[in-house]
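Got your viewer open and your mouse ready? Let's take a walk through this one, stop by stop.

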Amino acid sequence: MPTGMLQIRAISAHPGGVPGRGVQREEEVCKYIDVTTCIGCKACEVACVEWNDMPFQQTTFDNTYQTMPATQWNYWNLIKFHEHQRDDGTQMWLMRKDQCMHCEDPGCLRACPADGAIVQYTNGIVDFQQENCIGCQYCVSGCPFDIPKFNSATKKVYKCTLCSDRVGQGLEPACIKSCPTGCLKFGTKSDMRALADARAKQLRDHSGFPNAGVYDPPSIGGTHVIYVLHDITKPELYGGLPANPQIPPTFTVWKRFAKPIALVLSLFAAPVAFFHYVSQGPKEPQPPPGLGGPGPSPGIGAKPAPGGADRVSE
Amino acid sequence: MTNGWIDIKNTDMMLIMGGNPAENHPCGFKWPIEAKLQRNAKMIVVDPRFTRTAASADLFLQIRAGADIAFLGGLINYAIENGRIAHDYVVNYTNAAFIVKEGFKLPDDGLYSGFDPSTQIYDKSTWNYQEGGNMTGHAGTEASTGTAGASAGSAANLGYAAQGPAGVNGAGTAASKPAAPAILPPNVAYDLSLQHPRSVFQLLKTQYSRYTPEMVERITGIPKDQFLKAADLFTSIRKDGDMTKAGTIIYAVGWTQHTFGTQIIRTAAMLQLLLGNVGRAGGGVNALRGHSNIQGATDMAGVFDILPGYLKMPNPDDADLATFLKRTTPTSSKPGEWDSYNYWSNTPKFAVSFLKAMYGDAAKKENDWAFHYLPKIDRNHAWTQIWDDMYAGHIKGMFAIGMNGVQIGPNTKKNIEALKKADWLVVGEIYPDETSEFWKAPGTTGDEMKKIQTTVYRLPCAGFAEKDGNFVNSARWLQWKNVALPPPGEARLDQDILAQVFLKVRELYQKEGGKFPDPILNARWPYTQPRNPSLAEVAREINGQALADVTDPATGTVIKAGQQLPGFAFLRDDGSTLCGNWLYSGSWTEAGNMTARRGTEDPSGLGIYPNWGWSWPANRRVMYNRASCDPSGKPWDAERRQIWWNEAGGRWVGNDVPDFKVDSKPSDHMGPFIMNPEGIGRLFAPLAAFAEGPFPEHYEPIESPLLNPLHPKQSNNPVVRRMKTDLDKFGAPDQGFTIVCTTYRLTEHYHYWTKNNPMNVQLVPEPFVEIPHDLANDLGIKGGDKVKVTSARASYVAKAMVTQRIKPMLIDGKKTYQIGIPIHWGYRGIAEDEGITALTGVNLLSPTVVDPNAYTPEFKGFLVKLEKA
């Protein structure tokens, strides 16, 4: 029986509430990240690697507690650490969980020229369908958050799926489940936004952070991952979170104006294309090496192929 | 923990110091966060480094490692000076009103009365209460100095080893014993107005009046204004006499690992008593235990000087059971008008039941319940002493199971050299480790290896998920776990290894005899599969069983012979019960395994969860909870009611199990601290409770950048002794060792294990040294450069982490730097085997010098030099 449509209401012998309860898939989902109660423990990093069956890799000490400089094609969830001194001389150590923001207006999706390589579900999750990816990496330049990462071995681009495979079964994303302090929560966008607004208010009223606020940037229509920040006026401090994220004009212009014009122009190119097709054959998505060539499509939530990175040890 | 992890959510104020729970207890840290989110609780973090815990704090103060008593003493002074103490609580629930014997002297010069410099031992006879009665309103008038009453054997905490710092050096023997040990007077003199100059309160006030904000700044390096801010914030819960709020103190090994660690924790306990925070939801003194079962290891006497359940270990003067029980069973000592439950008066029942569990039918009334089978401790056998004895050639063999001995203790080089002198070593582990490969420690040449004659047996053991049994957490909860998967390959369960060694040894004694075979031949071994005892059977034995029908006089309940006991109230000293650990009695009853319960009901909303697992003692979640009520039995805070007096029923009732005599009415004035013979909390710890004094005093670490500003002539703890081997070297500032070094753990790693796990290694791949930005600038060190840290004992090489999170400090006016080193690497592991580390373990640097009460080494706050490697 397909369970994708089933919503869990109660779980036997399970402490606390039902994860993801109340999340209707026709509603928009959201990850809530309270940076002010994140302790940088990296449980979410481990959960992400393990749930998605990522290979281990060798990292190098780089004068920081941060695991690696940036997310990678096989490391989708990274806590960014930043030491910061406030104007009054007090020290802060900011830790922000970096991952795909699942923008309401996704620059990656706008930029992508491959049919079906990037989809946005009605619940707001932006998901890459590697079987349709042609490896052009336009999505990389389309993203204001530097999230999609190219794997040169598979010639595909990868990023956080917001655990669409888990969410589709009524579960919370793996990172949320692993969070020990509860600084990560998952629910509907409206619920998470209300929670975040209340937390920001508490920080303003009781914790001496007059600029506390919620990062949910309107420039891209809001995001399905929102942050509570101590200081909403300085998001850059948190591992380079852009104050006003923008999709590069190339891609907005492409979608709105250039694409229709180009479509017309391309009619003239059709005979050329026909001759090219006859002589060269089509450009098709390439199966990842090591998967045994063409086969059934892996589908949503399929695990990226291991390989391309060395195991630290056997 | 007096309270528990979940209970932290009930607090209004947190002082986190000597611990880094966000990094080392990330799952438990959800509760401090919960208190912040739900109650707007404030969090003060005091640490040598700005840690990930500090990142969550409302106020962070950087302290010099080892200056904790100065800080806490300053808080006590501030609370008293500013009237921020819980007056009724202090008068009724502590010994503030008790009058101390004449001749007792405070340590203005660093020494209490009675010190003998030649032996480094105190004569503690003046550290006692005065015999007498109610002296309220007679301030200053001297009653006759009554001497200790002639009551039967007393002295609550007179552990033999605590009589003095019983020889921590190799040749150490027991301290010469006082002719007649002093005992507590049964009828204590007291002054409820707290005005008597020798009342505990006045002495306490005088003692800590020296810990002014200026003095705190000189010692700790915390600027006066910051200290005052923290002091005001922490004590604000008692502003204007308010008793509704509660504050908690949370600590870990950052407090214990000093040559005055026990006294740091005591200072915290005293502060909490003064503020009326002990016994209350959201209060307490809460030790975060560093391993999943270290609490269980302590409860079950994984320490040389106790028996399970914190019974005292016999010493050679305990000629028979009666002598032992007389010495270790306290009699009450209190104001005549007050009552004291004195729960340790049940010691004989616990001890005889333990002997029955140990020796079964061989323990008979006629042979003193086989008391003479128990080993008697003649001197110190603590961790560092074991290695010292092995280095001296006295100890010839060692079982190292479940711990990496070479790495864990201080002064790694000495540990390695000690093992070279042993005849044999058995290591039970799941990975090859530094201990099992001590013979190829870095720097050992081929020729040297050939000379090592130690036979090493490496036994593959089962990992935690391959065993069932109980973990006991910091909150004193026993939680049964099931086997997830069988041990791989030839790996065996620990209990199987121990059982088979025992059976073999017993067989040898049977065949060959020996000097004293009786304890081995007669040990009780009732398990269904003697070679593979099930932990469930052992747990049932620990809980205790009736050997004959036992009746509870209070309720008339009868427990039949052979049945599991419902709790320690049923234990008897006539041989009709057996019990492996009285504290765990009630954990596996006729109703089954209480520790396997997983009930999630929490009717009070206080996070008590009475049906989840089982908490010692008696499934009680907050200890001393009688103190959550005022003297009339009404909760201090109506919102967080734990227990209360029910006048109609004539009983204490509530959401938690009362930690009290349930039918003792408030007018009886029984003290809430029932484990003390006084019934009250000890601001003044009398007699031999502690080796170095009844009130904590700030002493400098053994290796310190300065002389103690309070008393330069007595800079260190006077009863601490240094080991004397050629490998026990100590550094001083004039030798160039000027930087304070501390060691610690990271979230990403677990001790010396996870360096074998690729996921953890990916998160933090290699060792590093955290260095203040300014110091790095001075030395031309950039982040990622290799640096060499050198102590008087050895050198350590790793990469530099240059950080703003450790600032230079002004200590007694002098610029002082601190550095920090995480402990997790050695010479076996993924990074080590790949050759990307220098193969140095951090404990090469640390000194073998220990706290005189708990024998914990001083891993925090020793002196080093730093240079570019």
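In which loop of chain A is A:Pro148 found? Select A:Pro148 and you land between helix 3 (138-142) and strand 6 (149-151) of chain A. A quick note before we go on: this is a predicted model, in which local features need pLDDT of at least 70 and side-chain atom pairs count only at pLDDT 80 or more, while totals for chains, interfaces and linings use all residues. Residues are numbered from 1 along each chain as its sequence is written, while chains are lettered from A and ligands numbered from 1 in the order in which they are written. Helices (H or I, at least four residues) and strands (E, at least two) are DSSP runs, numbered from the N terminus.

**Stop 1: around A:Pro148**

Is A:Pro148 buried or exposed? It is buried, because 27 other C-beta atoms lie within 10 Å. The rule here: 20 or more other C-beta atoms within 10 Å of a residue's own make it buried, 12 or fewer make it exposed, and anything in between is partly exposed, with C-beta atoms placed from the backbone.

Now show the residues that A:Pro148 is in contact with, leaving aside neighbours within four places in sequence: A:Cys108, A:Cys139, A:Val140, A:Cys143, A:Val157 and A:Lys159. Contact means that the C-beta atoms of two residues, placed from the backbone, lie within 7 Å. Try a distance label too: the C-alpha atoms of A:Pro148 and A:Cys160 are separated by 8.4 Å, and these residues are twelve apart along the chain.

**Stop 2: a hairpin in chain A**

Select strand 2 and strand 3 of chain A, which pair in the antiparallel sense over eight bridges. Two strands count as paired if DSSP finds at least two bridges between them. Click A:His82 and look across to A:Leu94, which stands opposite in strand 3 of chain A. The hairpin has five residues between the strands, and A:Gly89 takes a positive phi near 90° there. Strand 3 of chain A is largely enclosed by the rest of the structure, because six of its eight residues are buried.

**Stop 3: where the chains meet**

Turn on both chains. How many residues of chain A are in contact with chain B? There are 34, and they touch 34 residues of chain B. On the chain A side, helix 1 (43-51), strand 2 (78-85) and strand 3 (91-98) each supply at least two residues. That side of chain A divides into 14 nonpolar, 15 polar and five charged residues. For this count, Ala, Val, Leu, Ile, Met, Phe, Trp, Tyr, Cys and Pro are nonpolar, Asp, Glu, Lys and Arg are charged, and the others, Gly among them, are polar.

**Stop 4: chain B as a whole**

Zoom out to chain B, where there are 22 helices and 31 strands. Its C-alpha trace spans about 75 × 70 × 55 Å along its principal axes. Of its 869 residues, 56% count as buried.

**Stop 5: helix 3 of chain B**

Select residues 68-81 of chain B. At 1.5 Å a residue, these 14 residues of helix 3 should span 20 Å, and the end C-alpha atoms are 20 Å apart, which agrees. The expected span is 1.5 Å times one less than the number of residues in the helix. This helix is mostly covered, with twelve of its 14 residues buried; among them are B:Phe71, B:Leu72 and B:Tyr78. Just after the helix comes B:Gly83, with a positive phi near 65°.

**Stop 6: a small sheet and some odd angles**

Next, find the open sheet of three strands in chain B, with the order 13-14-21 and antiparallel pairing. Strand 13 (469-472) and strand 21 are its edge strands, each pairing on one side only. Strand 14 (residues 477-481) and strand 21 of chain B share two bridges, and B:Leu478 has B:Trp614 as its bridge partner in strand 21.

Most residues other than glycine have a negative phi, and most peptide bonds are trans. With that in mind, go to the loop between strand 21 (614-615) and strand 22 (643-646) of chain B, where B:Pro617 is found. A cis peptide bond joins B:Trp616 and B:Pro617, with omega about -10°. B:Asn619 is in the loop between strand 21 and strand 22 too, and its phi is positive, near 60°. B:Asn619 counts as buried, because it has 22 C-beta neighbours inside 10 Å.

Last click: B:His669, in the loop between strand 23 (651-654) and strand 24 (739-744) of chain B. Its phi is also positive, near 55°, and B:His669 is partly exposed, with 16 other C-beta atoms within 10 Å.
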